[in-house]
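Let's take a walk through a protein chain together, beginning at one residue and working outward. Keep the picture at hand and find each place as we come to it.

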Amino acid sequence: MAFDLDQTNLFNQIQVGNMTLNHRIAFAPTTRLRATDDHTPSDLMLQHYSDRAQTPGTLLISEATLVSLRAGLYPNIPGIWNDRQVQAWKKITDAVHAKGSYMACQLWFAGRVGSPELLKKHGLDLVSPSALYESEDSKKAAEAAGNPIRALTEEEIQSIIYDDYKNAAINAMNAGFDCVELHSAHGYLLDQFLQPAANQRTDNYGGSIENRARLLLEIVDLLSDTIGAEKVAIRLSPWAKFQGMKAEKDTVHPITTFSYVVNELQKRANKGKQLAYLSVVEPRVNNNVDVNLADIAGSNDFIKKLWKGNVLQGGNYTYDKPEFKSLKADVDGDNRTMVAFSRYFTSNPDLVKRLKEGLELSPYVRSLFYAPYNYGYNTFPNFGDELQFDHETEKERRPAPLI
């Protein structure tokens, strides 16, 4: 099977912030629910990330990692708000660095799509820019939990910026991450503020595009001053309809909103505050589900016209394999584009080598993505290898503490 990708820009070095990457393939943030019950990274996660760092100079981006308890909560999702979590993450980043690779921490605040039941157990509210549910089902779940949604106050917003995000970014540096990536995509809190479908505020954080973008840009400015702009990245999904982001009431065109955001980021870069990269989700996917080719709408080309820095593009780059026409066009279109893989990285720990050498890709197993055990997580071998394990034993193996 010949991919001919070794003849493209894909395997040329690229400087990203303080990182010198040996190629332009990144492991995209891939939620897998394998942290411990107290939201601490586990032994299973250590092996998973270490295996996928095996090609030196690879950039791995952590799964969405909660910046605080009030950020949302889901079972077995990692956080980075306390010392125990920092110590556990440090074991993972040390293992990644030992392979000669790099790691970013994706900082996450779920907002209105967090678990109302788990938040309730901690005495915390389900919060959002405005008291708007993302769906009728989410409304029923919140009411059943006795934790109806409410809008954040401006004082709480300031606390989220200056307490939660600042603490998480500092913790990420102490945990050995090379940079942080702000999750401002797919209908989570930062994306909720950007889009009128979730934000109908009338104060400093709602209404105009400038106000809706204020939260994200204030976090960018704070973290740029705290850990360095070169260690900050952002993920955006202008075209994703996931979690109610493009409701009928949303009459603001995505290009209008996101052009403003990207232009503001470029203004900061022009003044010496250049971010590590801007991650953009291609319209070929909607969260972790492919969009039918006939239904794909929109293009992220407008972002590259405004943003002069590094771009990480992600979203079903394997739909046209083995030709990989989209991948080749994107990485060869300039000298600043990287591509991110998630699903095929789950089933191919040696994905970088397979793409370079044109080796067959092992299919991923969607039904095992969010399983609570090790089977289907650390049971995919490198090409040509055969792992010896007992299926039932691995289905019983749950995440164990690293600390």
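Start at Arg268: apart from its neighbours within four places in sequence, Arg268 is in contact with Leu217, Asp221 and Lys273. Arg268 sits in helix α9, which covers residues 254-270. Is Arg268 buried or exposed? Its relative accessible area is 18%, and the cut-off for buried is under 20%, so Arg268 counts as buried. Keep in mind as you look around that this is a predicted model.

Now step back and view the whole chain. How many helices and strands are there? The chain has 14 helices and 15 strands. Its radius of gyration is 20 Å, close to the 22 Å that the globule rule gives for 403 residues, so the chain is as compact as a globular protein of that length. If you wanted to box up the C-alpha atoms along the principal axes, you would need a box of roughly 60 × 50 × 40 Å.

What about the inside and the outside? Of the 403 residues, 58% are buried. On the outside, the chain exposes about 15,700 Å², and carbon and sulfur atoms supply 47% of that area. As for charge, there are 44 positive and 50 negative side chains, and the centres of these two sets are 2 Å apart.

The way the chain meets itself is worth a look too. Take the contacts between residues at least 6 apart in sequence: 74% of them join residues at least 24 apart.

Let's go into the interior. In soluble globular proteins, nonpolar side chains tend to be buried together. Here, the largest nonpolar core holds 94 residues, and Ile80, Leu107 and Leu182 touch the most other members. Helix α8, residues 214-228, gives this core its largest share, eight residues. There is also a second, separate core of 17 residues, and Val16, Leu59, Ala233 and Ala340 are among them.

Choose Leu107 for a closer look. Which residues is Leu107 in contact with, once its neighbours within four places in sequence are left aside? They are Thr65, Val67, Ile80, Tyr165, Ala168, Ala169, Val180, Glu181, Leu182, His183 and Leu223. Notice that Ile80 and Leu182 appear in this list; along with Leu107, they are the residues that touch the most other members of the core.

Glu181, one of the contacts of Leu107, also leads us to Ser279. Not counting residues up to four places away in sequence, Ser279 touches Glu181, Ile234, Arg235, Leu236 and Leu312. Ser279 belongs to strand β11, residues 277-281, and is buried at 4% relative accessibility. Look at Ser279 and Arg235 together: they are 44 residues apart along the chain, yet their C-alpha atoms are separated by 4.4 Å.

Does distance along the chain tell you the distance in space, or do you have to look? Two more pairs help here. Ile170 and Tyr133 are 37 residues apart along the chain, and 32 Å separates their C-alpha atoms. Ile170 lies in helix α5, residues 154-174, and is partly exposed at 35% relative accessibility. Asp4 and Gly358, on the other hand, are 354 residues apart in sequence, while their C-alpha atoms are 7.1 Å apart in space. Asp4 is in the segment before β1 (14-16), and with 46% relative accessibility Asp4 counts as partly exposed.

Finally, let's visit some details of the backbone. In the loop between β14 (311-314) and α11 (325-332) you will find Pro322. The peptide bond from Lys321 to Pro322 is cis, with omega near 5°. Phe324 lies in the loop between β14 and α11 as well. The phi of Phe324 is near 55°, a positive value in a residue other than glycine. Is Phe324 buried or exposed? Phe324 is buried, with a relative accessible area of 0%.

His186 also has a phi near 55°, again positive in a residue other than glycine. You can find His186 in the loop between β9 (179-184) and α6 (189-194). With a relative accessible area of 3%, His186 is buried.

Notes:
Residues numbered from 1 in each chain as written. Predicted model: local features only at pLDDT ≥ 70, side-chain atom pairs only at ≥ 80, totals over all residues. Heavy atoms only, no water. Core = buried A, V, L, I, M, F, W, Y, C linked by side-chain atoms within 4.5 Å. Buried < 20%, exposed > 50% of the residue type's maximum accessible area, 1.4 Å probe, protein only. Helix = DSSP H or I, 4+ residues; strand = E, 2+ residues; numbered from the N terminus. Contact = heavy atoms within 4.5 Å. Rg over C-alpha atoms; globule rule 2.2 N^0.38 Å. Areas by Shrake-Rupley, 256 points an atom, 1.4 Å probe, with all protein chains shown as cover. Lys, Arg positive; Asp, Glu negative; His and termini not counted. Charge placed at Lys NZ, Arg CZ, Asp CG, Glu CD.
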